[in-house]
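Student: Could we go through this model together, one question at a time? I would like to start with how far to trust it.

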Amino acid sequence: MIKRRAPKWQRTPKRHYFALGVITFLSIFPFYWMFVVASNTDEEISKSPPSLVPGPRFLEVAHKVLTADGVYFVKALTNTFIVGIAIAVAQVIFSAIAGFAFAKLDFKGRRFAILFVVATMMLPSQLGIVPLFIMAGKLHLVNTLYALIVPALVTAFGVFWMRQIIDAQIPNEILEAASIDGASVPRVFWNIVLPSIRQSSFVLGLFAFLAAWNDYLWPTIVLQSPEKFTLQVALTQLKPLYGLDYALQMGGAFLATAPLLILFIFVGRRLVSGVMDGAVKG
Amino acid sequence: MNKLAKSKVFLIALLGASVTAGLMAAPAKAVETTNLTIWTFGEVIQPGLQREYQKLHPEIKIIPIKNDVDPLHQKTTLSCQTKSGPADIIAFEVPYSGYWRTGNRPACFQDLRQMKTSASNVAAGVAEGLSATDIKKNYLPWRWEQGVAFNDSVIGIPTDVGGLQVAYRTDLFKKAGLPTDRAAVSKLWPTWEKFIEVGKGYVSKLTPAEKKSNKGFIDDAGTIYAAIMNQGTTKYYQPDGTDAGKLVYKTNPQIKKAWDTTVSALNAGIGARLGQFTSDWNIGMNKGAMATILAPAWMLDYIKKQAPDTKGKWDIADLPVGGGNQGGTELAIPTYSKNKQAAYDFLTWYLAPEQQLKVFKTYGLFPSTSVLYDDAALLEYKDEFFNNAPVGQIYTKGVLKLKPIFEGELQRKIDSTFGAGLGRVASKKMPSEKSYATVISDIDKLFKN
Amino acid sequence: MSLTKEGKGRRKAPLTPWKKQQRKPIPGVASLNGRWGYPAIAPFFIIFLIFGVAPVVYSVYIAFFKWDPLGTSEFNGLNNFIFLLQDSDFWLAIRNTFSIWALSTFPQMLMAISLAAILRNKRLKGKSFWRTIFLVPNITSIIAITIVFQQLFGRDYGIINSLIGLIPGAEHIDFIEGVIPSHVQIAAMITWRWVGYNTLIFLASMLAIPDELYESASCDGATKWQQFRYVTLPSLRNTITFVLIVGTIGGLQVFAEPQQLGADGGSSKQFLTLTLFLYNQAFLNNKYGYAAAIGIAITVIVLIISTINFFITRKMSGEGK
């Protein structure tokens, strides 16, 4: 194939790059700002116009965050990872199986069931908190990581998403062919459906992980000892008595987001292509 | 490896890494220790003192868990509902004391009259066998009352008391032609009306550029409301022999007085309209956006941290009318605690006068233990940052003027409703009468359903 | 059990949004043993019913009571609901929630579609880089972001107001006290977080449009804009519906951002949203029964709006083809 310079009307106009540049700047700036605040002294931050370049204090602030009394930062990080991965894996598995059933299996009551599931997506989550806490108390789950994992093993959204994916990405003909060949339903699921939804499963898992990472309301209520805290709850321990310590809080926030960023660099492309695959017939 | 296997390996590696890190980060299992879990907010339990106690008692491990005030209240409520939780000591703020002291809620906490100190802290200066009844005499009556339930059960012991005085900028006062010596300044405003007058004078001397950049005499004129309310004898409830008290938010003249005075301050434009603890407020402190702040003792430390360059440019004068307060905390022991004796021993040590004096000198939290108010160590303590003002003496003077006020069940809620009402007037969204009427109807709603 | 509307000679439109994907039943896979459906959904449903549904059902039950957890509980019939309809705070919350929803949904959709159109270009350099950047805002903690945005939007010294101050005669905007300005601040946070994610969803849909359609259109002399309008947009119909509905369900339940801005929803409740209203009634006022009633109201509102959304987008894109 001869490489030719693209005709003018097909070349990307400069203004497009400019727009993308603006978006990139806006997306990254808050992170950068967190770093700036975390690395400067309180008075630098209180100046106006505020300092826009990082100061020398970052390592000092980071050290304060990691050794702050009652904040077991590394433990919190681990807890959050454990909870996040457990939730992600569980949601993918349960949602895939149930989503497959809703998408490709015909059984009585199917339509009512999916209607019910989607309808529950409209209920505000804050509504169930107190009964859930009482329930967790009765099951002796309070102050355990299980209290975070068990209620999040399945979500309506996960099942809905999987149903859409499977419906869109797996042609009925393939399933029919397999079944004619004598494959049982579990076989069909394992050998045909699962491999096809790899990327979308990965994405669902990643979003479940992220949701667990950022969740703060329920963990604050149900986790009571510092060793059990997840990151967002541990961050709330960084506040002084009255008022604010911006550098400390932003330092904590930055350190809480940085692992995700690093993870992101590795899986970012996967995530992106997965989001897009999932949305093809969205 | 195909993609599916690759992702499996990746996930397993991630899981493995997390578990390893978790094992490494787990705190080492030490000697047989008793864990004292304290539910608190901010720095009610000072880290320095915590370390000191753990040195005295290696068998005790103190675990403070911080929350914001309202989420902490929520957790306390939930744990009392389920009669279980890990907390051995719980801190609650005075505005919430009305809630815990009434109804059947005192049952959530141990009656501290039935506890006695053990011998474990005798060497540190805390005698054995002290119950709450014995400690009571260390405190001013009105402050002690805030931890006593209606059925006379002592559910909480006071920690610090906010107190309230006026921190002012000597350099800005000088520029405006006002005296700078603290005795002279205190004489400028024996009443709130005079305070507003001084404010008006100050603002009239600002240049147009300064006015545009939103400089003012006081940071937030709305703070005057709380100050005046605390100078009275009744707030929103009146004691009437029942535990709930009688609601008087519609009739108490103190409220009207506080409201009207604040509104006239707002209308006189003496405030810079900077909400306290916002980032604009921090910056404003550094830029001289306000010449005065109504400052409880704990705020002095805050000023030092946020505006170190203003060192030596501040001083402290008396609050108009005299006697002021803002904030204060109680420490309580929940009934479900499994370590009540250890908790009580720590509590009594922490709140003993010697420790409270240390807290004051290091962190500026003013002690509630009135035995200190005759102590030279307190009275002669001077703060360099504030032009060597004898802060111990100044705040003692103010605190001694306070009278007991009955705090009712929905104190905090009603207070913040009034605050919101004044906020509407400050931002010129509603005229004063309409905003006041809205406040009253909002409070009515609280009791309607 | 077919839930379709009786057509007036028109094509029957399904009443139920999720069925927009399925124009036909699945005849082909009838060969798969449908009875595997039950054990397949059982694990999901059991956990879902216990931990997802039961707490909510209990809350719904509480809505008919007056309940203070540490006080008394008495049957209250429909009073909570009657009181709710007369509560001016409820209507304020509705106003705020809808305003924030509108400000954060529609500009965002426009931006997302435009950005997707830019990213679709095959000749664009650095495609993966841009796409990855777009997801970065989605992984930040909401609490940290609200602090950053509050600094940016500060009334006296925030960057935005500093820029405004450069314009002669312009006054600083109070992004917390003002009704619309506070909504703008909250909407900005939400838009910032989600615009990248939605861009990628639209991008994926656009990439699925066959090139032949564009080629034949340009052969017919269509300009790029006309191609966009008559080829791209109609094919995006389903995606727009999906994004709109999911965005609506989320947008009408905005909670964390307003709460961080001011736990009471603002001194004149100018940014009190419905879920914040619920939360405050439950946890600040200890009125669990009333809060539960609010929860039911929210669900009903979300249901109505989602359905309206669905019908509107169906109608609009129906004309495009």
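Student: Over which residues of chain B does pLDDT stay under 50?

Tutor: Good place to begin, as this is a predicted model. Chain B averages a pLDDT of 86, and 93% of the residues score at least 70. There is still a stretch that stays under 50, for which the model has 6 contacts beyond four places in sequence. That stretch is residues 24–30 of chain B.

Student: Turning to chain A, how many helices and how many strands does it have?

Tutor: Read the elements of chain A from the N terminus on, and the order is α-α-α-α-α-α-α-α-α-α-α-α-α-α. The count for chain A is therefore 14 helices and 0 strands.

Student: What share of the contacts in chain A with a separation of 6 or more comes from residues 24 or more positions apart?

Tutor: Let's look at burial beside it: buried residues make up 53% of the 282 residues in chain A. For the contacts with a separation of 6 or more, the share from residues 24 or more positions apart is 75%.

Student: Which helix of chain C gives the most to the side that touches chain A?

Tutor: In this interface, 81 residues of chain C are in contact with 82 residues of chain A. Several helices of chain C each supply at least two residues of that side, including H3 (88–120), H7 (179–207) and H13 (288–320). The residues of the side divide into 54 nonpolar, 24 polar and 3 charged. With 15 residues, the helix that gives the most is H1(C).

How values were computed: Residues are numbered from 1 along each chain as its sequence is written. Chains are lettered from A and ligands numbered from 1 in the order in which they are written. This is a predicted model: local features need pLDDT of at least 70, side-chain atom pairs count only at pLDDT 80 or more; totals for chains, interfaces and linings use all residues. Two residues are in contact if their C-beta atoms, placed from the backbone, lie within 7 Å. Helices (H or I, at least four residues) and strands (E, at least two) are DSSP runs, numbered from the N terminus. Ala, Val, Leu, Ile, Met, Phe, Trp, Tyr, Cys and Pro count as nonpolar, Asp, Glu, Lys and Arg as charged, and the others, Gly among them, as polar. A residue is buried if 20 or more other C-beta atoms lie within 10 Å of its own, exposed if 12 or fewer, and partly exposed in between; C-beta atoms are placed from the backbone. pLDDT is the predictor's confidence in each residue, from 0 to 100.
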